[in-house]
Amino acid sequence: MLVSLTFDVEQDCPPYLNTTRGMEEGLPKILDLLNEKNVKATFFFTAEMARKYPNLAKRIIDEGHELGCHGFNHERFDKLGKDRAGIIIKKSLSVLREFGDVMSFRAPNLQFPEFLFSILRQNDISVDSSKARYKGYRDGIKFFDGVLEIPVSVTSSVLRLPWIVQKAIHRSLSEPRVYFAHPWNSWL
Ligand SMILES: [Zn+2]
């Protein structure tokens, strides 16, 4: 069974809150648990959180996880023009790449128009995970403008359901199962 665990690392529940309890309490616990279980995951960071919590971004790299990009300040890319989106992606990557290699991207709110994939490619991003089956994406893994799309399998809300209900949902997912959650999910 091929499973990919991914976390979107951002302020608590954007855009509704601007607290960072998830960063301070949630993310260190997630990292401790992954360490204990010897599981590697992908962490899509906003550049803002990497700047504010450089030790956590560093932990991702030092502990063998993948650092990905989740925009600068959780912008909605479907509401930006191509030029503005390009500037933000470049700026975010220049912050994140101070910590290590970054080759993957996930757009906030899983909203990333197809005409922006060429910008990812120009910025040496080779994998995107901004599309989701539950958001209407019907294709599987495929390339968009040279960037490999690996869609999210299921909404993070599923992970809050009672296990007996979740179990049936997990079983119905095709491989690779790509899950995502946030550092703030455990209490919001
Ligand atoms: Zn997000």
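Let's start close to the end of the chain: tryptophan 184 sits in the segment after β8 (177-181). Keep in mind that this is a predicted model. The protein chain has 188 residues, and 34% of them count as buried. Tryptophan 184 is among the buried ones, because it has 23 C-beta neighbours inside 10 Å and 20 or more is enough.

**Tryptophan 184 and glycine 22**

- Which residues does tryptophan 184 touch, once you skip its neighbours within four places in sequence? Its contacts are Asp12, Cys13, Arg21, Gly22 and Gly26.
- Take glycine 22 from that list: it is 162 residues away from tryptophan 184 in sequence, yet the two are 4.1 Å apart in space, C-alpha to C-alpha.
- Glycine 22 itself belongs to helix α1 (residues 21-37).
- Is glycine 22 buried or exposed? It counts as buried, because it has 25 C-beta neighbours inside 10 Å.
- With neighbours within four places in sequence set aside, glycine 22 is in contact with Asp12, Leu27, His182, Pro183 and Trp184.
- Serine 157 makes a handy second reference point: it is 135 residues from glycine 22 in sequence and 16 Å from it in space, again C-alpha to C-alpha.

**The whole chain**

- If you count up the secondary structure, you get 6 helices and 8 strands.
- Walking along the sequence, you meet them in the order β-α-β-α-α-β-α-β-α-β-β-β-α-β.
- The C-alpha atoms fit a box of roughly 45 × 40 × 30 Å along the principal axes.
- The radius of gyration is 16 Å, which agrees with a compact globule, because a globule of 188 residues would come out near 16 Å.
- Look at contacts between residues at least 6 apart in sequence: 68% of them join residues at least 24 apart.

**Strands side by side**

- Strand β1 (residues 3-9) runs parallel to β8, and 5 bridges join the two.
- One pair to find here is valine 3 with its bridge partner in β8, arginine 177.
- β1 also runs parallel to strand β2 (residues 42-45), this time with 4 bridges.
- For that pairing, look at valine 9, whose bridge partner in β2 is phenylalanine 45.
- To get from β1 to β2 the chain passes through α1, and this β-α-β crossover is right-handed.
- In a regular strand, side chains alternate between the two faces of the sheet.
- You can see alternation along β8: Val178 and Phe180 point to one face and are buried, while Arg177, Tyr179 and Ala181 point to the other and are not buried.

**The nonpolar core**

- In soluble globular proteins, nonpolar side chains tend to be buried together.
- Here the largest nonpolar core has 36 residues, and the members that touch the most others are Val9, Phe43, Phe45, Ala50, Leu67, Leu96 and Leu120.
- Helix α4 (residues 82-96) gives the most to this core, with 4 residues.
- What does leucine 67 touch beyond its neighbours within four places in sequence? Its contacts are Phe43, Phe45, Ala57, Ile60, Ile61, Leu96, Phe99, Gly100 and Val102.

Terms used:
Residues are numbered from 1 along each chain as its sequence is written. This is a predicted model: local features need pLDDT of at least 70, side-chain atom pairs count only at pLDDT 80 or more; totals for chains, interfaces and linings use all residues. A nonpolar core is a set of buried Ala, Val, Leu, Ile, Met, Phe, Trp, Tyr and Cys residues joined through C-beta atoms within 7 Å. A residue is buried if 20 or more other C-beta atoms lie within 10 Å of its own, exposed if 12 or fewer, and partly exposed in between; C-beta atoms are placed from the backbone. Two residues are in contact if their C-beta atoms, placed from the backbone, lie within 7 Å. The radius of gyration is taken over C-alpha atoms; the globule rule is 2.2 Å times the number of residues to the power 0.38. Two strands pair if DSSP finds at least two bridges between them. A crossover is right-handed if, with the strands pointing away from the viewer, the path from the first strand over the helix to the second runs clockwise.
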